[in-house]
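Here are my notes for your review. Please read them beside the coordinates.

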Amino acid sequence: MKEILKVIDLNFSYGNFGIRNLNLKIKGGQFVGIIGPNGAGKSTTLNLIAGLLKPYSGKILLYDKDIRKLSRKYIASKISFVRQEFNPTFEFKVKDIIEMGALHKKTSFFNTFEDSTKIKECLSMVELSGYEDRYFSTLSGGEQRRVLIARSIYQETPVIIVDELTAHLDISHAIQIVEILKKLTLNGKTVLSAFHNINVASKYCDYIYALKDGKVVFEGVPSKVINKENIKKLYEKEFYIINHPVHNYPVVTF
Ligand SMILES: Nc1ncnc2c1ncn2[C@@H]1O[C@H](COP(=O)(O)OP(=O)(O)OP(=O)(O)O)[C@@H](O)[C@H]1O
């Protein structure tokens with residue numbers, strides 16, 4: 001499959017912390033995970049790709065086009081982004097939040113693309129049927145997260161970027177959301193997500209980038225790169241790696 005997103009020699013700095021010569025190649029239809037300890041630069045990397053931060057040097061290519069030369073509207077038609085934190089300033093209903101996913105289709109402030117059938121479908125996919133008229137601020141952290149995933153699906157972009165896919169989700173909803181996104185990749189969408197849960201990344205990702213101190217420490221197919229040495233290098237601790245007894249993928253345990 002063709003690479004649809006490329007990060008080439010990317011550099012960025014907050015002062016004390018920097019992303020250094022980062023290179024990523026994301027193929028269409030893949031589920032790609034970014035793992036790494038707290039402060040490794042996962043969110044910074046995703047924010048750079050989503051255009052929320054400006055790199056000091058290097059390039060990000062979306063469909064071989066330099067992202068700096070693309071309009072926000074075009075990018076929003078190709079990439080949806082679920083940030084780690086989302087605290088809207090106003091009281092929005094769930095359906096309004098989801099409809100924000102279609103902002104790039106609007107030709108004027110007043111026209112609306114609200115498609116209540118599709119909103120219902122997206123909410124049903126994340127098991128939140130009937131939540132359309134609830135105020136977003138009244139939902140639990142996990143429910144809010146699932147609404148944002150629903151918005152991403154509503155946005156209908158070929159690329160979905162999620163900062164920490166399983167954040168705030170209980171184990172059952174975490175797996176449910178990961179499986180929804182996995183299914184989307186099997187239908188051709190591309191998903192790039194940061195993960196703290198290495199075992200979820202190990203099972204579902206086609207490819208993993210491991211970041212530490214703003215640099216890629218290792219990368220590859222989980223079955224090849226999730227091993228004792230690499231995990232020790234990444235987290236500076238000894239862990240056991242066992243093979244999942246049924247699904248045959250490396251599991252990190254302690
Ligand atoms: N706005 C900012 N100003 C200054 N430093 C920042 C800013 N945002 C992040 N950093 C620093 O950059 C480094 C990388 O942060 P980042 O959020 O990208 O890491 P992360 O891998 O996503 O971490 P976590 O797993 O904790 O979410 C951290 O040391 C953080 O303190």
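The points below take the ligand site, then the sheet, the helices and a hairpin.

1. Status. This is a predicted model. Please read every distance and angle below as a value computed from that prediction.

2. Ligand shell. Which residues are around the ligand? An unbroken run covers Pro37, Asn38, Gly39, Ala40, Gly41, Lys42, Ser43 and Thr44. Tyr14, Phe17, Gln84 and His196 complete the list. By class, the shell holds four nonpolar residues, seven polar and one charged. The charged class takes in Lys, and Lys42 is in the shell.

3. Polar contacts. Three distances deserve a check in your viewer. A polar side-chain atom of Lys42 sits 2.7 Å from a ligand oxygen. His196 also uses its side chain: an N or O atom there is 2.7 Å from an oxygen atom of the ligand. Ser43 differs in the part it uses, with a polar backbone atom 2.9 Å from a ligand oxygen. On its own, the ligand has 640 Å² of accessible area, and the protein covers 59% of that.

4. Main sheet. Six strands make an open sheet with mixed pairing. Their order is β6-β7-β8-β3-β9-β10. Why do β6 and β10 each have one side without a neighbour in the sheet? Both stand at the edges, β6 at 79–82 and β10 at 215–220, and each has a single partner strand, so one side stays free of a sheet neighbour. On average, neighbouring strands here are turned by 15° against each other, ignoring direction.

5. Edge pair. β6 runs parallel to β7 (residues 159–162), and four bridges join the two. For a register check, use Ile79, which stands opposite Val159 in β7.

6. Helices on the sheet. Two helices are worth viewing against the strands. Helix α5 (residues 141–155) lies across β6 and β7, at about 175° to β6. Helix α9 (residues 228–235) lies across β3 (31–35), β9 (207–212) and β10. The angle of α9 to β10 is about 160°.

7. Hairpin. In which sense do β11 and β12 pair, parallel or antiparallel? Strand β11 (residues 240–243) and strand β12 (residues 250–253) pair in the antiparallel sense, over four bridges. Tyr240 stands opposite Thr253 in β12. Six residues lie between the two strands of this hairpin. Asn248 takes a positive phi there, near 60°.

How values were computed. Residues numbered from 1 in each chain as written. Predicted model: local features only at pLDDT ≥ 70, side-chain atom pairs only at ≥ 80, totals over all residues. Heavy atoms only, no water. Near = heavy atom within 4 Å. Polar contact = N/O pair within 3.5 Å; in protein donor to acceptor, adjacent residues only side chain to side chain. Areas by Shrake-Rupley, 256 points an atom, 1.4 Å probe, with all protein chains shown as cover. Pairing = 2+ DSSP bridges. Axes fitted to C-alpha atoms, helices over the stretch in contact; angles between N-to-C directions. Contact = heavy atoms within 4.5 Å.
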